[in-house]
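Here is a model to read through in questions and answers, each label being set against the rule behind it.

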Amino acid sequence: MEYVNYIALVCSIAAFALSLIACARIGKFVKATADTDWETLANLTGDIAALKRTSQTLNNRLNGMNKAVVPNEQIIQQMLEHQNVEQIRRGG
């Protein structure tokens, strides 16, 4: 039963070490962003929006290039099947 105490001690020490690491990272983040003002934040937000639009445009172009062309015969066949189904529904 003594090993349970050792396991609890090791877990407590690990949790304390991880909390110290987290505090150090938060401190580093606060120092890095200390001189950020609202104008810089607005500029970053605008830049991110422009990059998002650019990537969406590129993805749309790439998706358009990859679309398979449906043969005309298949389109005509589907139209005929659709007309047959409509006639059956109408009672014709």
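A residue counts as buried under 20% relative accessible area, as exposed over 50%, and as partly exposed in between. The model discussed here is predicted.

Q: Why is C11 called partly exposed?
A: The relative accessibility of C11 is 48%, and the class in between runs from 20% to 50%, so C11 counts as partly exposed.

Q: What makes C23 exposed?
A: Its relative accessible area is 54%, and because exposed means over 50%, C23 falls in that class.

Q: How many disulfides does the structure hold?
A: The structure holds 0 disulfides; to be counted, a pair of cysteine sulfur atoms would have to lie within 2.5 Å.

Q: Why is V4, a residue of helix 1, given the label it has?
A: V4 has 37% relative accessibility, which lies between the cut-offs of 20% and 50%, and therefore V4 counts as partly exposed.

Q: Which residues make the nonpolar surface patch that includes V4?
A: The patch, of about 810 Å², is made by M1, Y3, V4, Y6, I7, L9 and I13. Members of a patch need over 30% relative accessible area, and V4 has 37%.

Q: What share of the protein chain is buried?
A: Buried residues make up 0% of the 92 residues, and the chain consists of 3 helices and 0 strands as its counted elements.

Q: Where is confidence highest, and where is it lowest?
A: In the protein chain, helix 1 (residues 2-32) has the highest mean pLDDT, at 96, and helix 3 (residues 72-90) the lowest, at 73, while the chain averages 85.

Technical notes:
Residues numbered from 1 in each chain as written. Predicted model: local features only at pLDDT ≥ 70, side-chain atom pairs only at ≥ 80, totals over all residues. Heavy atoms only, no water. Buried < 20%, exposed > 50% of the residue type's maximum accessible area, 1.4 Å probe, protein only. pLDDT = per-residue confidence, 0-100. Helix = DSSP H or I, 4+ residues; strand = E, 2+ residues; numbered from the N terminus. Patch = residues over 30% accessible without salt bridge, like charges linked within 9 Å, V, L, I, M, F, W, Y side chains within 5 Å. Areas by Shrake-Rupley, 256 points an atom, 1.4 Å probe, with all protein chains shown as cover. Salt bridge = Lys/Arg side-chain N within 4 Å of Asp/Glu carboxyl O.
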